[in-house]
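Got your viewer open? Let's walk through this one together, one selection at a time.

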Amino acid sequence: MIYNVAQLLREVPGTTRQYPIDGALTGIGENNPSLIAVGGEVVLVRTDSGVLAMGTARMALVRACRRCLELASQSVEVEFEEEFVPSIDVETGRSLDTSEAAEELVINDQHLLDLTEVLRQYAVMEAVRGTLCADDCLGLCPVCGQNLNQGDCGCDRSHVDPRMAPLLALLDKEETE
C-alpha cells in the first residue's frame, strides 16, 4: 500500500491518479488475526501542499458482539480521506518542514506515500465498534451471564430494577386506559 507520487508532485494542483489498494495490516487488536487482507481503491489528488488520499478500503474484522460478547467476523468497508505532505521538494531536492504533520502523513524522501499506518488506524477504530453476531442475538442473561443463544438458563428475570419501576407503572397505566 505504498505509492510513488514523485510524478504527481510535479503536476498542478487538482491532478488525480487512481490506484487499487491491495495489501495486509497487522496490529489491529487482540481479537483479530496477525494479518488482515485489505482491498479497495484510492484516489490521489495533488493539492497546493501535498497529496490528498481518499478512498475506500475493505477488510474482514473480528469484533465482539455487543449483546452476547461472542466473536464474529464481519466484512467492513472503511472510507478515508487524509492529506499527506512531502518531506523533500521534488524539484529542488531540499528538505521541507513537516513538523506540523503527523508522522504517518509524511511522504518520505523517496516520494513514497505509505497508506499502511493510516489504514491500520482506521481499522483499529472500526474493530472497537460493537457489532451483532446475528440480528436475532438474545444476549446474556442479566442474572447469571449465560449466553442465551446457547439455551435458556432458567433464571427468574421477571424482577424489575427499582429505578425502572416508575416507567413500568406508566406502561401499566397506559394498558389499562
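Start by selecting serine 73, and show whatever it touches: apart from neighbours within four places in sequence, serine 73 is in contact with Ala60, Leu61 and Val62. You'll find serine 73 in strand 5, and since its relative accessible area is 58%, over the 50% cut-off, it counts as exposed. Keep in mind as you click around that this is a predicted model.

Now draw a distance from the C-alpha of serine 73 to the C-alpha of valine 90. The two residues are 17 apart along the chain, and their C-alpha atoms are separated by 43 Å.

**Zoom out**

Let's see the whole chain. Colour by secondary structure and you should get three helices and seven strands. Going from the N terminus, the order is β-α-β-β-β-β-β-β-α-α.

How does the radius of gyration of the chain compare with that of a compact globule of 177 residues? The globule would come in near 16 Å, while the chain has 25 Å. Turn the model along its principal axes and the C-alpha atoms fill a box of roughly 80 × 35 × 25 Å.

Switch on the surface for a moment. The accessible surface comes to about 10900 Å², and carbon and sulfur atoms account for 49% of that. Of the 177 residues, 34% count as buried. For the charges, colour the side chains by sign: there are 13 positive and 30 negative ones, and the centres of the two sets lie 1 Å apart.

**Along strand 5**

Back to strand 5, this time at phenylalanine 84. Is phenylalanine 84 buried or exposed? Its relative accessibility is 0%, so phenylalanine 84 counts as buried. Show its surroundings and, leaving aside neighbours within four places in sequence, you'll meet a long list of contacts that includes Ser49, Gly50, Val51, Ala53, Leu105, Leu113 and Val118. One of those partners deserves a distance line: valine 51 is 33 residues from phenylalanine 84 in sequence, yet the two are 5.2 Å apart in space, C-alpha to C-alpha.

Step along to valine 85, also in strand 5. Not counting residues up to four places away in sequence, valine 85 touches Ser49, Gly50, Thr98, Ala101, Leu105, Val106 and Ile107. Try another C-alpha distance here, from valine 85 to aspartate 97: they sit 12 residues apart along the chain and are separated by 9.4 Å.

**Over to strand 4**

Select threonine 56, which has its place in strand 4. Threonine 56 counts as buried because its relative accessibility is 17%, under the 20% cut-off. Beyond its neighbours within four places in sequence, threonine 56 is in contact with Ile21, Gly39, Gly40, Glu41, Glu77, Val78, Glu79 and Phe80.

**Two helices to compare**

Next, pick residues 116-128, which make up helix 2. Why does the end-to-end distance of helix 2 look right? At 1.5 Å a residue, its 13 residues should span 18 Å, and the end C-alpha atoms are 19 Å apart, which agrees. Show the side chains of Val118, Leu119, Tyr122, Ala123, Glu126 and Ala127, since these are buried in helix 2. If you want to see what covers them, turn on strand 2 (16-25), strand 3 (36-46), strand 4 (51-64) and strand 5 (71-86), which are among the elements doing so.

Then jump to helix 3, residues 165-176. Its 12 residues should span 16 Å at 1.5 Å a residue, and with the end C-alpha atoms 17 Å apart, that agrees too. What is the count of buried residues among the 12 residues of helix 3? Zero: helix 3 is hardly covered.

**Two loop stops**

Finish with a pair of backbone angles. Leucine 69 sits in the loop between strand 4 and strand 5. Its phi is near 70°, a positive value in a residue other than glycine. With a relative accessible area of 56%, leucine 69 is exposed.

Now go to histidine 111, in the loop between strand 6 (106-107) and strand 7 (112-114). Phi is positive here as well, near 65°, and again the residue is something other than glycine. As for cover, histidine 111 counts as buried, at 14% relative accessibility.

Notes. Residues numbered from 1 in each chain as written. Heavy atoms only, no water. Helix = DSSP H or I, 4+ residues; strand = E, 2+ residues; numbered from the N terminus. Rg over C-alpha atoms; globule rule 2.2 N^0.38 Å. Buried < 20%, exposed > 50% of the residue type's maximum accessible area, 1.4 Å probe, protein only. Areas by Shrake-Rupley, 256 points an atom, 1.4 Å probe, with all protein chains shown as cover. Lys, Arg positive; Asp, Glu negative; His and termini not counted. Charge placed at Lys NZ, Arg CZ, Asp CG, Glu CD. Expected span 1.5 Å × (residues − 1). Contact = heavy atoms within 4.5 Å.
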